[in-house]
Amino acid sequence: PSKRNRHAGDDWRTFALVFYLSGTLSCTKHFQMRAERYRNNVPLVGGITLTAMLLGLPLAGIVLSGGDAASYLRFPPRPVVTEHAPFSLPVFVGLAIAGAFVLAVICVPLSRAALRGKPVVPVARFPWFGWAGLLGGAGAWVVAWSRFGWIAPVQIHTFTPLWLAYIFLINGLTYRRTGRCLMTARTPYFVLLFPVSAIFWWFFEYLNRFVSNWHYIGLVTELPPAHYVLYATVPFSTVLPAVLSTQEWLRSFPSFCRAFDRPAETERRVPRYVGVELLLLAGTGLLFIGILPDILFPLVWVSPLLIWVGMQVASGSRSLIDELAAGRWARVVAVALGALVCGLFWELWNMYSQAKWVYSIPFVHVAKVFEMPMLGFFGYLPFGVQCLLVGDATAGLAGSRDAYANEASGSGTPMGVEWNLA
């Protein structure tokens, strides 16, 4: 094309970008005025908004910058080694200090509460599904890491048995402590988590197209599209049940509620304009995530959280921020740590698997634990909070309430009744 045509294309993209930014800023007051009418439809409106922003904005940014949008839509994805920013000591030290501070904020009050508490006597026998998880997980682990030629064809399918075994085992541990667990007390909700989880994780796979922070290697890369969808979707379905079951197990320890549930004397609500600002922040970041992937890659793990909470706050409904402002931190801390625990097992079992993923993280790609750079594990903390929000929305669909876990841990008011975040 001629220089004139190229300049015209650049002018068009610049105009479109300015139009988007000015339009989103000018709609702030209008959204606040009309948010009341959508208060009772936050799950529907929020789900549509979240989907549209996550799928559309990164691709729109690529188009506006003159990139090849089609390359981000190829399926199945093939391994692509991307050149990222090299290691940066100042960035590494800064993030390490921030991560250590977050862990200290969690671990110090938790350790104090544990020291003051009394040991909890189990109220039930270890159930059959707990034993099935323990024995089945051990067998699946051996199969996944062995190198016998005759077993190679099934090794790419061991991820799902490993995580089903983990889910059974962690529910068994909860049942032994409290006499109830996610599998037995909220069975419809538990079952519904599996298909929701598969959809949930596919969003992260899509966002990773724009930052290339991980890619898969091994036999999985040779699968045709239909087989790839089936192969990926089935293990993706175990993410939410694993994280939320681990959260429930952690909340069965009374020390969690003693450490993090301290109801405030007065109720404080977050102003609605804060929700609109969160939406604008997440939307603008997603628009540029494919243009500046080395800078904005953390938005893969943060932007869905900002969008959903922003919708809750802007509509005037109960939000996760309101729950924290009221002094109830136990659910959030438990699910964040639950995701971190699951993350350790994800990375551990990935280490010697035949079909696996590897990472490429800008600025901090050193000091790997298994395949994950050490600081990358902090990304599991906000990821866990997103699992909580999706779990709350799923509970609304299943008509489920999270009352029994709080009865068992002695925290008083059922969180699912007082804080129906869906």
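**Contacts, salt bridges and helices**

Trainee: Leaving aside its neighbours within four places in sequence, which residues is Q247 in contact with?

Mentor: This is a predicted model in which local features need pLDDT of at least 70 and side-chain atom pairs count only at pLDDT 80 or more, while totals for chains, interfaces and linings use all residues. Residues are numbered from 1 along each chain as its sequence is written, and side-chain values use heavy atoms, leaving out hydrogens and water. Contact means heavy atoms within 4.5 Å. With neighbours within four places in sequence set aside, the contacts of Q247 are R331, A334, V335 and L388.

Trainee: Is Q247 buried or exposed?

Mentor: Relative accessible area decides this: under 20% is buried, over 50% is exposed, and anything in between is partly exposed (1.4 Å probe, protein chains only). Q247 has a value of 6%, so the residue counts as buried.

Trainee: Which helix holds Q247?

Mentor: Helices are DSSP runs (H or I, at least four residues), strands are too (E, at least two), and both are numbered from the N terminus. The run at residues 239-251 contains Q247, and that is helix α11.

Trainee: How many of the 13 residues of α11 are buried?

Mentor: The buried set includes V239, L244, Q247 and R251. The helix is largely enclosed by the rest of the structure, because the buried residues of its 13 number twelve.

Trainee: What span does α11 reach from its first C-alpha to its last?

Mentor: The expected span is 1.5 Å times one less than the number of residues. For the 13 residues of α11 that gives 18 Å, and the span in the model is close to this, at 19 Å.

Trainee: R331 came up as a contact of Q247, so which residue does R331 meet in a salt bridge at 3.1 Å?

Mentor: A salt bridge needs a side-chain nitrogen of Lys or Arg within 4 Å of a carboxyl oxygen of Asp or Glu. R331 is buried, and its partner is buried too. The two side chains meet at 3.1 Å, N to O, and the partner is E323.

Trainee: Which residues are linked in a network of salt bridges with R331?

Mentor: The structure has four salt bridges by this rule. The network that includes R331 also takes in E323 and D392.

Trainee: How many residues apart are K356 and E371 along the chain?

Mentor: Their closest N and O atoms are 2.9 Å apart, a salt bridge. K356 lies in strand β2 (residues 356-359) and E371 in the loop between β3 (368-369) and β4 (372-373), so in DSSP terms the pair links distant parts of the chain. K356 is buried at 11% relative accessibility, and E371 is buried at 12%. The separation along the chain is 15 residues.

Trainee: Is K368 buried or partly exposed?

Mentor: K368 forms a salt bridge with E371, with the closest N and O atoms 3.6 Å apart. Its relative accessibility of 46% makes K368 partly exposed.

Trainee: Which helices do the buried residues of α4 pack against?

Mentor: Helix α4 covers residues 89-116. Its buried residues are F92, G99, I106, L110 and A113. They pack against α12 (254-260) and α17 (330-351).

Trainee: What relative accessible area does I97 have?

Mentor: I97 also belongs to helix α4. This residue is exposed, with a relative accessible area of 57%.
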